Amino acid sequence: MIVSTLDEGAELHATLESVYAGSVVPDETIVIDDGGTDGSCAPLEREEWRARGVVVHRIRRSGVAAARNAGARLARGTHLVFLDAHCRLERNCLARLCTALDAGPDAVLAPTVSDAAGVAAGCGARLIDAHLRTRWLPPEPDGGAPYAVPLAPGGCLTVRRSTFHRLGGFDAFRELGLEDVDFSLRTWRAGLDLLAVPGARLTHRFRPYPPYRLNGTSRAYNLARTALVHFDGSRREECLRKVIGTPRAAEVLVEAFAGDWEAQRAAVESTSVRPLKAYFERFGDWR
């Protein structure tokens, strides 16, 4: 279990309590403190949590993608579960994810996620526009086998450690946003499946704003990078046009084009066995 956290306070502790109340619990839980200042990770260094296999690793604030990559590098187990620090897992959530991963060891898995306010959010998601915004997909019946979805949202996703490293981990994204879209696109292009596991359920606290300040340019940068790495022609242009009008758009575009996106694009294409055209034909297009 890898939990990236930044000033989550009591939410972090409640998340871990729900994890360890499950019918299956992690062999190790790596909590990545991504530059937090509220002291919420300190209690997790006490013996009661260490005895459960909880380890806290602190890094300079780097964003959720980098924090998850740091956790994956430290992990020793064969299965990785990436979890937000403001979730509540149902008792059999991890057990059902593990069973599904054993049956489909090369897949990336997404559970059913509900809003903590009680509104069902869905199981898996799809892209809906050139902003690369997503919409949750309604879960199919719990008794059904895992089934293909276009995106595995990052609030909770499960993958074998070997598969995660084969895919290159999460990309060099800033702060928060679209790291799960990019990872899902790379997974599908590599010929691997993104599977919904409807019987694995958790609640997630969806918030209009996180408990920390975000740079106003981060998501726009992540949007530009995703477009440059994955898309061509009019689809890429449509995404890049969405950056225009955002704060410091010219600066964002200059930084995105000056980055290592060409090397990343070449790396992705070298492992791709399925074209993105087939992805949109399979799962629907925003255009």
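I will go through the two largest pockets of this structure, which is a predicted model.

As background, rolling a probe the size of a water molecule over the atoms shows where empty space is left.

Start with the largest pocket. The space in the largest pocket comes to about 1200 Å³. Its lining is made up of 48 residues. If you want to find the middle of this pocket on the screen, look for Asp-84, Leu-176, Gly-177, Glu-179 and His-204, which lie nearest its centre.

Which elements give two or more residues to that lining? Among the strands, they are β1 (2-5), β6 (108-115) and β9 (134-136). Among the helices, they are α3 (64-74), α6 (179-189) and α7 (218-230). The element that gives the most is α6, with four residues.

As for the character of the lining of the largest pocket, 22 of the residues are nonpolar, 14 are polar and 12 are charged.

Now the second largest pocket. Here the space is about 290 Å³, and 16 residues line it. Closest to the centre of this one are Met-1, Val-25, Pro-26, Asp-27 and His-79.

Two or more lining residues of the second largest pocket come from each of β4 (79-84) and α4 (93-103). What does β4 give to this lining? It gives three residues, the most of any element.

The lining of the second largest pocket divides into 11 nonpolar residues, three polar and two charged.

To recap, the largest pocket holds about 1200 Å³ of space, and the second largest holds about 290 Å³. α6 gives the most to the lining of the former, and β4 gives the most to the lining of the latter.

Methods:
Residues are numbered from 1 along each chain as its sequence is written. This is a predicted model: local features need pLDDT of at least 70, side-chain atom pairs count only at pLDDT 80 or more; totals for chains, interfaces and linings use all residues. Side-chain values use heavy atoms; hydrogens and water are left out. On a 1 Å grid over the protein atoms alone, a cavity is a set of points where a 1.4 Å probe fits but cannot get out, and a pocket is an open set with protein on both sides within 12 Å along at least five of seven lines; lining residues have an atom within 4 Å of a point. Grid points are joined across faces, edges and corners, and a volume is the space filled by probe spheres set on the points. Ala, Val, Leu, Ile, Met, Phe, Trp, Tyr, Cys and Pro count as nonpolar, Asp, Glu, Lys and Arg as charged, and the others, Gly among them, as polar.
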